[in-house]
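Got a few minutes for a walk around a protein chain? Take a look below, and we'll chat through it.

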Amino acid sequence: MKKSIALGLTLLCTPAFAQDIMTGEEFGAHVADRTITFRTEQNPTFGVERYLPGQRVMWSAFDGTCQYGVWFESKGDICFRYEGDPEHKCWTMYNEPGGMRGVFTTRLPATVIFEVPDREDPLICNDLSS
């Protein structure tokens with residue numbers, strides 16, 4: 001009995017069952033020159049992020065405010081630093097068949113976001129002058 005439990009646990013830990021964590025290079029290729037809408041299980045409109053050249057980003061949470069920032073890879077996570085916010089926002093990003101899934105790793109509780117495929121909402125930036 002103990003051997004079968006150990007074998008089952010070993011099989012679950014093999015690469016076939018491992019989730020596909022995105023590297024910075026993979027993330028960059030996936031988001032290059034795109035605007036991506038994200039949702040959570042509770043919120044179908046969590047936010048929209050536009051990915052600009054040079055790993056720059058613009059984030060909008062559908063409330064009319066936008067933040068400029070940059071993304072970078074750190075310790076296997078994809079992190080974001082936004083203007084006016086001293087705290088980096090880090091996510092473990094997974095490449096899944098329906099799009100990216102991100103798990104917030106900066107602090108608890110861990111928010112989980114999902115890319116909304118085939119949807120590109122505009123950024124609503126009432127606080128930026130043109």
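What follows is a set of questions and answers about this predicted model.

Visitor: How many disulfides does a search of the whole structure find?
Guide: A disulfide is a covalent bond between the sulfur atoms of two cysteines. One pair here is Cys 66 and Cys 125, with sulfur atoms 1.9 Å apart. Another is Cys 79 and Cys 90, at 2.0 Å. Searching the whole structure gives a count of two.

Visitor: How many residues apart are Cys 66 and Cys 125?
Guide: These cysteines form a disulfide, and the link joins distant parts of the chain. Cys 66 sits in strand E4 (residues 66–74), while Cys 125 is in the segment after strand E8 (112–115). Along the chain, they are 59 residues apart.

Visitor: Is the link of Cys 66 and Cys 125 left-handed or right-handed?
Guide: Look at the twist about the S-S bond, which is -75° for this pair. That makes the link of Cys 66 and Cys 125 left-handed.

Visitor: And is the disulfide of Cys 79 and Cys 90 left-handed or right-handed?
Guide: Here the torsion about the S-S bond is about 110°. Because of that torsion, the disulfide of Cys 79 and Cys 90 is right-handed.

Visitor: Are Cys 79 and Cys 90 buried or exposed?
Guide: Buried means under 20% relative accessible area. Cys 79 has 1% relative accessibility, and Cys 90 has a relative accessible area of 14%. Those values fall under the cut-off, so Cys 79 and Cys 90 count as buried.

Visitor: Which residue is the bridge partner of Cys 79 in E6?
Guide: Cys 79 lies in strand E5 (residues 77–82), and E5 pairs with E6 in the antiparallel sense over three bridges. Strand E6 covers residues 89–96 and holds the other cysteine of this disulfide. So the disulfide partner turns up again as the bridge partner, by the pairing of E5 and E6: Cys 90.

Visitor: Which residue takes a positive phi in the hairpin of E5 and E6?
Guide: That hairpin has six residues between the strands. One residue there has a positive phi near 80°, and it is Gly 84.

Visitor: What stands opposite Met 93 in E7?
Guide: E6 and E7 run antiparallel, with six bridges joining them. A hairpin connects the two strands through two residues. Across from Met 93, in E7, you'll find Gly 102.

Visitor: Which element gives the largest share of the largest nonpolar core?
Guide: In soluble globular proteins, nonpolar side chains tend to be buried together. The largest core here has 17 residues, and those touching the most other members include Phe 27, Trp 71 and Phe 80. Elements giving two or more residues include helix H2 (24–31), strand E1 (35–39) and strand E7 (99–104). The largest share, three residues, comes from E5.

Visitor: How many of the eight residues of E6 are buried?
Guide: E6 is among the elements that give two or more residues to the core. This strand is mostly covered, and its buried residues number six.

Visitor: Which residue's backbone nitrogen does the side chain of Ser 60 reach?
Guide: Ser 60 belongs to strand E3 (residues 56–60) and counts as buried, at 2% relative accessibility. Leaving out residues up to four places away in sequence, Ser 60 touches several others, among them Gly 47, Cys 66 and Leu 123. The side chain of Ser 60 reaches, at 3.5 Å, the backbone nitrogen of Phe 62.

Definitions and conventions
Residues numbered from 1 in each chain as written. Predicted model: local features only at pLDDT ≥ 70, side-chain atom pairs only at ≥ 80, totals over all residues. Heavy atoms only, no water. Helix = DSSP H or I, 4+ residues; strand = E, 2+ residues; numbered from the N terminus. Buried < 20%, exposed > 50% of the residue type's maximum accessible area, 1.4 Å probe, protein only. Polar contact = N/O pair within 3.5 Å; in protein donor to acceptor, adjacent residues only side chain to side chain. Contact = heavy atoms within 4.5 Å. Disulfide = S-S within 2.5 Å. Core = buried A, V, L, I, M, F, W, Y, C linked by side-chain atoms within 4.5 Å. Pairing = 2+ DSSP bridges.
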